[in-house]
Every structure is written in structure tokens, then in C-alpha cells.
Amino acid sequence: MTRTPTRRRYLSAGVTAGIAALAGCSDLVEDYDEDEEPEEENGEEEAVEDVDHENPEGEVELVSPDDGDEVTSPVEVEMEVEDFELQAVDDDGGDQADPPDQGVGHLHVIVDEGCVDPGRVIPQEDGYHHLSEGEETVELDLEPGEHELCAQTGDDQHNAYEMTDEIAIEVVEDGENGNESENGEDGDGGGENGDTGGDNETNTDG
């Protein structure tokens, strides 16, 4: 007598095949993770290693105005850099896929917001003035009162370097000039000249 496979045997065979299939899939997932993850990590590390924003070699200095100066608005701010190449920013500079060059970038003047942490993007907002054409001077319209200025360099993607200089200034309103009083004195002088003319007429009669 031949025996036909029972239902239990069919179920056992099906479960065994399913476990084998799952094991094969998990091996594929592990192989995929092992192959793909290191490449992504390496790509991220390369972008960070190309530029050292925390330890730049150059220096920036706020030349004018001096720390503690009283000035009137608009305020002309002048800076100088050493061992740092100033370069105009391309229109799409902030969206470049390639890392920026070390020691190359442009200047910023930050008003009352404090310097930006190295490696972070300098905002395109009020109070953050980007000298994107490679300039070293900028004219600022400031309200009367005390203001803190930070000069800071950034790369061509506006990432901040730890290359800064800070000063505090006070903006004052234009004082009154003394033109009116001076003109009044000039008028009195005209009267004196008239008296002198009268004397001359007396002398002529003599």
C-alpha cells in the first residue's frame, strides 16, 4: 500500500520553504546595507574635511570706525584681510555641490546679531550684510544709539569662518551748526561799515 502525503506534511514543507526564502532575503538586505552605507558616510566626511572653518590661517580687521567711536549715519565701515583671498560670489554660489575652497571667500558685517558659529551658514536677513562682490567697505544706515559690529569672513557658500573682529560704536544725530549766529555777527559788521561811511562824508565836507 502506498501512502499519500498528509496535510501536515504539506504544511511542514511550506513552512520550511518560507523560512528559507526569508533567510535569503535577509542576506540580501544585509549585503545591500554593507555595500551602500560606507559610501554615503565617506561622501559626507569628504565635504567636511575639505575646509577647516574653525582654524583658518587668515585674519580680518575692522579698520574704521574705531572701537568706541561716535559716528553719524550712514556709517562707512572699512575692513582689511590678511592671508585670505577675497572673491566675488557666483549667482548660484550657495547651491554648489562641490565643497568651497580653503582660504577663499568674502566679507560680512553683522550688526547687533553677534558673529556666526564657524561652519554655519551666515543668514541672508536684516542685520547680516554680505559683501558678495569681494569688497572691503560698506555703508550702513543705522539708527541712533549703540551698535555692535562683527566683521566675519565666509566661504563662497556663505559658511562662516572663525575669522572675526568686533567693535562697539554709538550713532549720534547731526548736531546744529552755528551758521545763524555767525550770520547775525556779519550783519552787525555791515552796520559798522555804514558808520564808517558817515565819517567819510564828514571828512569830505571839511
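Which strand holds glutamate 80? In this predicted model, glutamate 80 sits in strand S3. That strand is a handy way into the structure, and the overall layout comes before the details.

The chain contains two helices and nine strands. Followed along the sequence, these elements come in the order α-β-β-β-β-β-β-β-β-β-α. Of the 206 residues in the chain, 24% are buried. The accessible surface of the chain adds up to about 14,600 Å², and carbon and sulfur atoms account for 41% of that surface. As for contacts in the chain with a separation of 6 or more, 69% are made by residues 24 or more positions apart.

Now for the charges. A patch of negative charge lies on the surface, where Glu57, Glu59, Glu61, Glu76, Glu78, Glu80, Glu82, Asp83, Glu136, Glu139, Asp141 and Glu143 gather. Two strands, S1 (59-64) and S3 (75-82), each bring at least two residues to the negative patch. The top contributor is S3, which supplies four residues.

Back to glutamate 80, one of the residues gathered in the negative patch and part of strand S3. Is glutamate 80 buried or exposed, or does it fall in between? Glutamate 80 counts as partly exposed because its relative accessibility is 40%, and partly exposed covers the range between under 20%, which is buried, and over 50%, which is exposed.

Conventions:
Residues are numbered from 1 along each chain as its sequence is written. This is a predicted model: local features need pLDDT of at least 70, side-chain atom pairs count only at pLDDT 80 or more; totals for chains, interfaces and linings use all residues. Side-chain values use heavy atoms; hydrogens and water are left out. Patches are made of residues with over 30% relative accessible area and no salt bridge: like charges are joined within 9 Å, nonpolar side chains (Val, Leu, Ile, Met, Phe, Trp, Tyr) within 5 Å. Accessible areas come from the Shrake-Rupley method with a 1.4 Å probe; for residues, only the protein chains shown count as cover. A salt bridge is a side-chain nitrogen of Lys or Arg within 4 Å of a carboxyl oxygen of Asp or Glu. Lys and Arg count as positive and Asp and Glu as negative; His and the chain ends are not counted. The place of a charge is taken as NZ of Lys, CZ of Arg, CG of Asp or CD of Glu. Buried means under 20% relative accessible area, exposed over 50%, partly exposed in between (1.4 Å probe, protein chains only). Contact means heavy atoms within 4.5 Å.
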